[in-house]
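Got your viewer open? Here is a short tour, with one selection at a time and a note on what you'll find there.

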Amino acid sequence: MSDKTIPTAVLKSPITSSQSPLSQPEQHVAIIDHNRCLSASRLLRCPTCLNSWRRCAEPGAASPLYPLPNRSQSKTLALKKAHPVIIHNRELLPSSFLRSSVSSVTSWKDFGMLCPTSMIVYYNGQYLQKFEVAISPDDRGFLFADGVYDVIRSYRSKLFKCVEHLERLAHGLKALRIEGLDTRSLEQISHQLIRNNKLEEADALVYLQVTRGAAPRSHQFPPSGTPLTVYVEAKAFSPPVEQQQNGAAAILEPDQRWSRCNIKTIGLLPNTLAHQRAREAGAFEAIFSGDGLLQEGSHSSILFVEKDVLICPPLTNRILPSITRSVVIDLALAESIEVDTRSCREGELFEFDEVMMLSTSAEIVPITSVNGRKIRQGYVGPVTRRLQTAFRRVIGPNEIKNLD
Ligand SMILES: Cc1ncc(COP(=O)(O)O)c(C=O)c1O
């Protein structure tokens with residue numbers, strides 16, 4: 001089914017919010033609650049996720065109900081199959097109603113409030129519904145991957161190693177000569193987003209991205225003073241507990257990235273290609289091998305254990321200075337585990353006693369096989385377990401201790 005075949009309802013008259021995409025006539029209207037079965041889905045579109053209709057049940061299923069998230073504020077209506085609907089004053093209504101009384105629809109914010117996947121994000125000084133963000137096609141992030149990003153974990157409202165993440169972001173901006181942002185200001189914004197999205201009790205990830213801003217396409221930098229594009233969002237997150245417990249598979253991939261991998265830029269194509277290959281091979285991660293050396297994962301760092309010594313590849317321009325890695329090295333030292341920093345050859349991989357991959361989101365995942373071949377016996381090793389236990393103590397559910 002192509003996009004052209006989505007006959008979404010059409011707005012005939014403007015609504016109140018001047019910034020709203022709905023203020024343009026002939027816009028598609030939106031819908032809600034795509035976690036439920038929407039058998040009329042080919043007519044429906046959620047402004048937050050846009051593609052959700054693809055995942056919905058096929059037309060032909062029984063005539064669906066469209067419950068709103070908050071039943072106390074709404075009626076649940078049985079609607080005819082393939083009948084476009086919209087939220088109006090917190091009720092579901094057929095779009096025929098909308099056509100006659102669109103002027104009384106308040107704003108896109110109201111739609112968002114009722115969409116279970118709605119998300120308040122930060123965009124260039126404003127807190128908005130995610131679907132209200134309109135990034136220019138001239139944005140240099142879009143045109144040139146001209147920007148940096150970072151990801152911070154929030155454990156029940158505590159931003160773990162926030163200062164370190166924001167310093168790394170600042171370092172990346174400096175390396176790319178993107179000026180004009182004090183990244184420390186993003187801490188308060190991240191906290192605000194945790195609150196706005198009611199993630200105080202949740203495990204969450206905060207994603208931050210800064211680009212050189214929008215300017216007509218030219219390789220040359222835009223004039224100084226061009227506003228940067230600053231975007232932050234927070235979302236609930238579940239770590240890969242099964243892999244943390246039982247270990248996971250990885251594959252080896254040639255490192256085809258550029259030579260400044262120590263900067264966390266948004267240009268991640270080799271990383272996504274490698275990770276996709278890992279997933280297609282049924283593996284958890286891809287390990288980059290470059291210049292014959294084991295470097296890091298597509299979105300994680302890597303550490304090895306050899307005769308109870310934690311082996312860390314040196315931080316070169318081929319490796320991102322992973323915050324999790326530095327936490328784990330500190331933990332190892334605190335646990336009296338010997339730490340050695342040295343380059344690790346690809347040929348050594350199956351000689352190590354343990355391999356682990358680390359990241360803000362996955363924490364510590366033991367790697368028990370690579371390219372289908374077991375690391376030692378294919379079990380999670382004792383040093384990895386000790387480090388996982390120590391890590392849990394640091395980020396433990398009720399108490400976040402600072403390692404500094
Ligand atoms: C290439 C790469 N290496 C390592 C990491 C792990 O970094 P951190 O521990 O700071 O999340 C990431 C995380 O995204 C990454 O993309």
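Start by selecting strand 7 (147-155) and strand 9 (203-211). Nine bridges hold these two strands together, and they run antiparallel. Strands pair here if DSSP finds at least two bridges between them; the strands themselves are DSSP runs of E, at least two residues long, while helices are runs of H or I of at least four residues, and both are numbered from the N terminus. Click on Ile152 and look across to strand 9: its bridge partner is Val206.

A word on what you're looking at: this is a predicted model, where local features need pLDDT of at least 70, side-chain atom pairs count only at pLDDT 80 or more, and totals for chains, interfaces and linings use all residues. Residue numbers run from 1 along each chain as its sequence is written.

**Next: the hairpins**

Keep strand 7 and add strand 8 (158-160). These two pair in the antiparallel sense through three bridges, with Ser154 partnered by Leu159 in strand 8. They make a hairpin with two residues between the strands, and in the turn Arg156 has a positive phi of about 45°.

Now move to strand 5 (120-123) and strand 6 (residues 126-129), an antiparallel pair joined by four bridges. Val121 has Leu128 in strand 6 as its bridge partner. This hairpin also has two residues between its strands, and Asn124 takes a positive phi near 45°. Strand 5 has another antiparallel neighbour, strand 10, reached through two bridges. Find Tyr123 and you'll see Tyr231 of strand 10 opposite.

**Select 185-196: helix 5**

At 1.5 Å a residue, the 12 residues of helix 5 should span 16 Å, and its end C-alpha atoms sit 17 Å apart, which agrees. (The expected span is 1.5 Å times one less than the number of residues.) Which residues of helix 5 are buried? They are Leu186, Ser190, Leu193 and Ile194. Seen down the axis of helix 5, the buried residues fall within an arc of 105°, so they line one face of the helix; the arc is that of the directions from the helix axis to the C-beta atoms. Buried means that 20 or more other C-beta atoms lie within 10 Å of the residue's own, exposed means 12 or fewer, and partly exposed is in between, with C-beta atoms placed from the backbone.

Swing round to the face turned away from the buried side and you meet the exposed residues Ser185, Gln188 and Arg195. On the buried side, the packing partners of helix 5 include strand 5, strand 7, strand 9 and helix 4 (162-175). Contact here means C-beta atoms, placed from the backbone, within 7 Å of each other. Just past the end of helix 5, Lys198 has a positive phi of about 55°.

**Select 269-280: helix 7**

Helix 7 has 12 residues, which at 1.5 Å a residue should span 16 Å; its end C-alpha atoms are 16 Å apart, which agrees. Its buried residues are Ala274, His275 and Ala278. Looking down the axis of helix 7, you find them within an arc of 100°, so they line one face of the helix. What do they pack against? Strand 11 (248-254) and strand 12 (285-290). The face turned away carries the exposed residues Leu269, Thr272, Gln276 and Glu280. Right after helix 7, Gly282 takes a positive phi of about 75°.

**Show the ligand**

Of the 13 residues around the ligand, Leu320, Ser322, Ile323, Thr324 and Thr360 come nearest. A residue counts as near if its C-beta atom, placed from the backbone, lies within 6 Å. Helix 8 (323-334) and strand 17 (354-359) are the elements that give two or more residues to this shell, and helix 8 has the largest share, with three residues.

**Last stop: Phe391**

Phe391 sits in helix 9 (residues 382-395). It counts as partly exposed because it has 18 C-beta neighbours inside 10 Å. Turn on Leu331 too: it is 60 residues from Phe391 along the chain, yet their C-alpha atoms are separated by 7.4 Å. Leaving aside neighbours within four places in sequence, Phe391 is in contact with Val328, Leu331, Glu363 and Ile364.

Zoom out to finish: the protein has nine helices and 19 strands, and 37% of its 404 residues count as buried.

Terms used:
Expected span 1.5 Å × (residues − 1). Contact = placed C-beta atoms within 7 Å.
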